[in-house]
Amino acid sequence: MATIQELENTASQVRRDILRMVHAVNSGHPGGSLGCADYFTALYSEIMDYSTDFKMDGTNEDLCFLSNGHISPVWYSVLARSGFFPISELSTFRKIDSRLQGHPTTHEGLPGIRIASGSLGQGMSAAIGAAMTKKMNGDTKTVYCLHGDGELQEGQIWEAAMFAAHNKVDNLICTIDYNQRQIDGDTDDVLSLGNLRAKFEAFGWDVMEMDGNNMEATVNGLKEAKSKTGNGKPICILMTTEMGAGVDFMMGSHKWHGVAPNDEQLKDALSQLTETAGDY
Amino acid sequence: MAKYEYTEMKDTRSGFGDGLLEAGKRNKDVVALCADLTGSLKMNAFKDAFPDRFIQAGIAEANMMGVAAGLTIGGKIPFTGTFANFSTGRVYDQIRQSIAYSGKNVKIAASHAGLTLGEDGATHQILEDIGLMKMLPGMVVINPCDYEQTKAATIAIAEFDGPVYLRFGRPKWPVFTPPNQKFEIGKAVTFQEGNDVTIIATGHCVWESLKAAEELEAGGLSVEVINIHTIKPLDNDAILKSVAKTGRVVTAEEHQMNGGLGDSVAQLLARNNPKPIEFVAVDDSFGESGKPEELFEKYGLGKSSIVAAVKRVVKR
Ligand SMILES: Cc1ncc(C[n+]2csc(CCOP(=O)(O)OP(=O)(O)O)c2C)c(N)n1
Ligand SMILES: [Mg+2]
């Protein structure tokens with residue numbers, strides 16, 4: 001059990017990794033990655049039960065899926081810092097011949113990744129399948145899946161949501177990165193999501209809310225979600241976050257969805273985040 | 001024979017954006033839809049000029065295709081805009097039933113096609129889209145080679161009645177065709193005449209082919225370079241005429257070897273005038289993250305691969 005302060009320290013290092021990774025290749029998606037740094041840190045440090053000796057089947061382990069694959073930097077950083085692969089490998093992100101592809105893939109065999117994502121809207125279906133296999137195998141562990149909120153505009157999400165409730169896939173916790181932003185602007189301006197709680201409830205899910213940029217709230221929220229498993233309903237966490245969280249000039253708009261900081265901006269951003277575990 | 005001259009580096013997607021604006025000015029029935037990628041598709045100028053004719057579809061491509069099909073009923077000319085992957089594979093059945101089979105006048109504008117989208121990697125680098133789209137009965141398939149040709153093609157397809165797939169890319173690439181050119185759907189463009197071998201290229205590979213031809217000519221070969229911007233309908237006459245003269249062909253494209261331009265050319269030759277042919281294309285593989293030039297090199301699409309293919313074919 002890590003203290004909240006220790007988890008916050010890890011998240012600070014993860015945020016530094018994200019910024020340095022996207023800066024190095026002048027591409028990638030810092031906004032959503034920074035916003036979800038606390039979620040991934042909490043999940044891998046405090047919540048999930050897993051082995052870093054990676055096996056695709058993940059039998060008797062909790063599983064993590066990333067449906068909004070563009071925020072791969074945060075996942076790669078947390079996987080590396082949790083021991084799945086060498087931290088130094090973060091420097092290969094998005095470069096030719098790397099296992100750290102722009103969007104997560106199984107193709108290059110990166111430990112920790114169980115399905116490709118990047119084309120939005122497909123992760124929930126795969127997570128449901130993995131959760132159903134666990135049930136069929138008598139495996140009592142939990143499947144976690146993260147989604148973007150803009151991603152919920154994809155129809156497949158709602159096919160999956162209907163299916164999960166109908167089939168009582170209650171070992172599944174889908175978290176929505178509810179930052180209310182996407183590429184072209186605020187989700188409300190692009191294609192409003194309406195009342196997400198009411199929508200998921202109407203689809204038959206158990207819905208909770210959680211502040212995803214408050215470490216204590218995130219840890220407690222994920223624990224609460226876990227306690228709700230096994231009750232006949234899939235679980236949805238509406239996780240409020242700020243795109244660009246942790247870097248003052250990246251917050252407050254959609255502009256940093258997929259733009260890398262330049263040298264000066266990187267310096268400014270890093271000055272706001274303590275190096276707690278050593279940069280890669 | 002068409003003249004070409006390098007002028008500058010510019011992205012083909014900007015050719016689409018500028019062509020769309022022009023098409024919008026010429027015809028008030030031109031409308032545009034985009035699935036949360038307005039900036040990437042360079043559709044902002046159209047959106048600003050014609051806010052009432054711009055439809056933000058959100059991240060919901062299947063719905064966008066269906067809405068576009070519906071918009072044609074009553075006379076609109078919809079251009080859908082998203083990445084090539086989400087313009088084809090993602091929405092294949094919507095295109096097949098609601099657009100192609102129903103004969104709807106939808107223009108599917110597909111950016112970031114092929115390996116040259118670069119760092120985003122294989123999930124986004126579709127290399128199967130030409131094949132998917134050319135298999136659909138009645139679908140016109142166009143893959144222009146530079147900024148100017150893309151702009152001209154965009155304007156031309158707005159004036160053409162029927163479904164069109166327009167494929168273009170992300171990176172800045174050499175511009176070498178003239179401004180304000182006339183774009184004729186289905187008409188090959190011959191950039192260089194020669195007697196020993198015909199290089200037939202589309203998209204970003206046309207410039208690579210011209211560079212390869214330069215090198216080969218310096219080595220004493222006489223090389224003909226034909227740009228097929230319209231993969232379907234194919235300019236059979238131009239290809240057969242050239243091959244009757246040279247007797248050898250190399251095709252070059254930023255696409256899977258299976259299902260691409262090379263397939264179409266091989267089928268044409270097999271039926272009419274079987275001759276040795278070599279294919280410069282991705283050989284049954286997914287792409288990966290990297291810089292466009294690095295990927296062209298690694299996956300065998302660049303100038304050196306074209307030169308090597310020509311050397312192989314002249315030995316056969
Ligand atoms: C099917 C599909 N359509 C479009 C895209 C391009 N795209 C990548 S991220 C993104 C916006 C996603 O918004 P959201 O899920 O809210 O993520 P955030 O911007 O908050 O990180 C879009 C449109 C994609 N990757 N997949
Ligand atoms: Mg969002």
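User: A polar contact is a pair of N or O atoms within 3.5 Å. How far is an oxygen atom of ligand 1 from a polar backbone atom of Gly150(A)?

Analyst: The model is predicted, so local features need pLDDT (the predictor's confidence in each residue, from 0 to 100) of at least 70, side-chain atom pairs count only at pLDDT 80 or more, and totals for chains, interfaces and linings use all residues. Residues are numbered from 1 along each chain as its sequence is written, chains are lettered from A and ligands numbered from 1 in the order in which they are written, and side-chain values use heavy atoms, with hydrogens and water left out. For Gly150(A), the partner is a backbone atom, and its distance from the oxygen atom of ligand 1 is 2.8 Å.

User: Which residue places a polar side-chain atom 2.6 Å from a nitrogen atom of ligand 1?

Analyst: On chain A, a polar side-chain atom of Asn179(A) lies 2.7 Å from an oxygen atom of the ligand. The nitrogen atom, at 2.6 Å, is paired with a side chain of chain B, that of Glu61(B).

User: How much of the accessible area of ligand 1 does the protein cover?

Analyst: On its own, ligand 1 has an accessible area of 580 Å² (Shrake-Rupley method, 1.4 Å probe). The part covered by the protein is 99%.

User: Between which chains does ligand 1 lie?

Analyst: The ligand is surrounded by 22 residues (a heavy atom within 4 Å). The closest are Gly118(A), Asp149(A), Asn179(A) and His257(A), together with Glu61(B). The shell divides into five nonpolar, ten polar and seven charged residues, with Gly counted as polar. Ligand 1 therefore has residues within 4 Å and lies between chains A and B.

User: Which residue does a cis peptide bond join to Lys232(B)?

Analyst: Most peptide bonds are trans. Here omega is about -5 degrees. The residue joined to Lys232(B) lies in the loop between strand S12 (230-232) and helix H9 (236-246) of chain B (DSSP runs, at least two residues for a strand and four for a helix). That residue is Pro233(B).

User: Which residue in the loop between helix H3 and strand S1 of chain A is named here, and what is its phi?

Analyst: Most residues other than glycine have a negative phi. On chain B, Lys42(B) has a positive phi of about 60 degrees, and it lies between strand S2 (30-34) and helix H2 (44-49). On chain A, the loop between helix H3 (37-47) and strand S1 (63-66) holds Asn60(A), whose positive phi is about 60 degrees.

User: What ipTM does the predictor give the complex?

Analyst: Chain B averages a pLDDT of 98, and 100% of its residues score at least 70. For the complex, the pTM is 0.97 and the ipTM is 0.96.

Terms used. Polar contact = N/O pair within 3.5 Å; in protein donor to acceptor, adjacent residues only side chain to side chain.
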